[in-house]
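Reader: Got a minute? I'd like to go through this model with you.

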Amino acid sequence: MTKHPARYQDFNDPQAQPRHTGIASFFRAPIADDPANADIALIGVPFDGGVTHRSGARHGPRAVREQSTLLRRINAATGVAPFSHARVRDLGDCWLEFPYELSGALDEIAAYFAQVHAAGAIPVSVGGDHSISLAILRGIARHRPVGMVHIDAHCDTGDDYMGSRFHHGAPFRRAVEEGLLDPRRVIQIGIRGTTNDPDMWGFSAASGMRVLGMDEFTDQGWAFAAAEARRVVGLGPTYLSFDIDSVDPAEAPGTGTPEAGGITAREALRLLRALRGIDFVGGDLVEVAPPFDHGTITAFNGASILFEILCLVEEAWRKRTESGGMNV
Ligand code: MN
Ligand code: MN
């Protein structure tokens with residue numbers, strides 16, 4: 001039995017209640033079982049079977065849900081109120097029957113997201129490691145390739161690693177090969193760090209992706225990176241994938257493959273807000289690994305970034321809906 005507020009009627013909206021109360025769904029949004037009841041579906045994918053080094057991202061969805069309860073309903077910087085128009089629902093976690101079979105697990109995730117897509121809901125997901133983004137794209141982009149704004153310390157366009165083609169360092173090479181991504185409409189922002197193979201990310205440039213490395217970001221700034229993103233993805237349908245390891249380890253230590261000298265949380269929020277108007281058809285936040293977090297800083301910054309992603313997706317959804325266009 002739930003005891004409802006008697007004196008403060010506003011508090012019957014769980015998202016208006018004191019933030020330490022209630023069930024920790026994403027942003028304290030209503031929980032739904034059927035994607036048909038959602039315009040935008042917040043989904044956890046607690047899977048890190050594609051991690052090549054330090055695992056732990058399977059705990060990401062729960063930690064981000066918990067920290068997301070600190071956020072409120074309106075984006076003070078942009079005025080966007082993502083819960084006011086769209087039915088934003090927490091669909092819970094993507095269940096996996098065989099989580100220890102990597103390629104099979106990715107097939108299961110893809111089938112789940114295909115169902116969400118068929119029901120007309122736009123997915124905003126929290127991983128899990130970055131291999132889940134390939135599965136999500138399989139679920140939502142099979143009928144036409146999409147563009148992508150990809151913010152990450154790594155290009156994730158590697159190839160076979162120790163006999164597996166589907167680890168978290170390769171999702172976007174596979175996505176191009178499978179016709180899910182148009183590489184000429186892909187920008188990768190924040191790339192840095194060391195490699196063992198000087199050509200580890202060679203596929204990105206060879207396929208036509210725009211790689212905006214960390215030195216260029218540092219020199220030119222978030223506004224330039226956003227302008228480049230808009231130029232590259234253009235007007236077509238676009239996916240947004242945010243790997244938390246793009247953020248500097250000082251502000252996001254809780255991740256499996258950190259790289260020194262990343263973007264600040266402040267730059268990440270400004271960069272994302274400057275992407276308003278792009279036709280986003282989904283987004284994700286991946287690689288939050290709570291076992292390596294200090295306090296809850298990574299999950300909290302991740303939740304704050306997730307809110308900006310939600311706002312971008314909601315604005316795009318609203319624009320398509322108001323113009324009578326297709327929503328998926
Ligand atoms: Mn990644
Ligand atoms: Mn990464």
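Author: Sure, we can take the overall build, then the metal site, then some local details. Keep in mind that this is a predicted model.

Reader: Start broad. How many helices and strands does the chain have?

Author: The chain has nine helices and eight strands.

Reader: What is the radius of gyration, and what would a compact globule have?

Author: The chain has 18 Å. A compact globule of 328 residues would be near 20 Å, so the value agrees with that. Along the principal axes, the C-alpha atoms fill a box of roughly 65 × 45 × 40 Å.

Reader: What share of the residues is buried?

Author: Buried residues make up 58% of the 328.

Reader: And contacts between residues at least 6 apart in sequence: what percentage join residues at least 24 apart?

Author: That comes to 78%.

Reader: Now the metals. Which residues hold the manganese ion that is ligand 1?

Author: Its protein donors are His130 through ND1, and Asp152, Asp156 and Asp243 through OD atoms. They lie 2.1 to 2.2 Å from the ion.

Reader: What's the spacing of those donor residues in sequence?

Author: For ligand 1 it reads H-x21-D-x3-D-x86-D.

Reader: Where do histidine 130 and aspartate 152 sit?

Author: Histidine 130 is in the loop between strand S3 (122–127) and helix H3 (131–140). Aspartate 152 is in the loop between strand S4 (146–151) and helix H4 (171–177). The two are 22 residues apart in sequence, so the pair ties together separate parts of the chain.

Reader: Buried or exposed, that histidine 130?

Author: Buried. Histidine 130 has 0% relative accessibility. Aspartate 152 also counts as buried, at 0%.

Reader: Next, ligand 2. What are the protein donors of that manganese ion?

Author: Asp152 (OD), His154 (ND1), Asp243 (OD) and Asp245, which is listed with OD twice. Their distances from the ion run from 2.0 to 2.5 Å. Along the chain, the donors of ligand 2 follow D-x1-H-x88-D-x1-D. Histidine 154 is buried, as is aspartate 152.

Reader: How far apart are the two manganese ions, and which aspartate bridges them?

Author: Ligand 1 and ligand 2 are 3.2 Å apart. Aspartate 152 is the bridge, coordinating both.

Reader: Back to H3, the helix that follows the histidine 130 loop. How many of its residues are buried?

Author: 10 of the 10, so H3 is largely enclosed by the rest of the structure. Among them are Ser131, Ile132, Leu134, Arg138 and Ile140.

Reader: New topic: backbone oddities. Which peptide bond is cis?

Author: The one from glycine 127 to glycine 128, with omega near 15°. Glycine 128 is in the loop between S3 and H3. Histidine 130 lies in that loop as well.

Reader: What about phi? What value does phenylalanine 27 have?

Author: A positive one, about 55°, although phenylalanine 27 is not a glycine. Arginine 28 has a positive phi too, near 60°.

Reader: Where is phenylalanine 27?

Author: In the segment before strand S1 (40–45). Arginine 28 is found in the segment before S1 too.

Reader: Is phenylalanine 27 buried or exposed?

Author: Buried, with a relative accessible area of 2%. Arginine 28 counts as buried as well, at 4% relative accessibility.

Reader: Helix packing next. At what angle do H7 and H8 pack?

Author: Helix H7 (residues 222–233) and helix H8 (residues 265–273) pack at about 35°. Their axes are 9 Å apart. H7 passes H8 in a right-handed crossing.

Reader: Which residues make the contact?

Author: From H7, Trp222, Ala225 and Ala226. From H8, Glu267, Arg270 and Leu271. The set splits into four nonpolar, no polar and two charged.

Reader: Last one. Where is valine 288?

Author: In the loop between strand S8 (280–286) and helix H9 (297–322). Valine 288 counts as buried, at 1% relative accessibility.

Reader: What does valine 288 touch, leaving aside neighbours within four places in sequence?

Author: Its contacts include Gly56, Ala57, Val64, Ile244 and Thr298. Cysteine 311 is 23 residues from valine 288 in sequence, and 20 Å away, C-alpha to C-alpha.

Methods. Residues are numbered from 1 along each chain as its sequence is written. Chains are lettered from A and ligands numbered from 1 in the order in which they are written. This is a predicted model: local features need pLDDT of at least 70, side-chain atom pairs count only at pLDDT 80 or more; totals for chains, interfaces and linings use all residues. Side-chain values use heavy atoms; hydrogens and water are left out. Donors are N, O and S atoms within 2.8 Å of the metal (3.2 Å for Na, K and Ca); water is not among the atoms, so sites may look incomplete. Buried means under 20% relative accessible area, exposed over 50%, partly exposed in between (1.4 Å probe, protein chains only). Axes are lines fitted to C-alpha atoms, for helices over the stretch in contact, and angles run from 0 to 180 degrees between N-to-C directions. Helices (H or I, at least four residues) and strands (E, at least two) are DSSP runs, numbered from the N terminus. A crossing is left-handed if the near helix is turned anticlockwise from the far one by less than a right angle, and right-handed if clockwise. Contact means heavy atoms within 4.5 Å. Ala, Val, Leu, Ile, Met, Phe, Trp, Tyr, Cys and Pro count as nonpolar, Asp, Glu, Lys and Arg as charged, and the others, Gly among them, as polar. The radius of gyration is taken over C-alpha atoms; the globule rule is 2.2 Å times the number of residues to the power 0.38.
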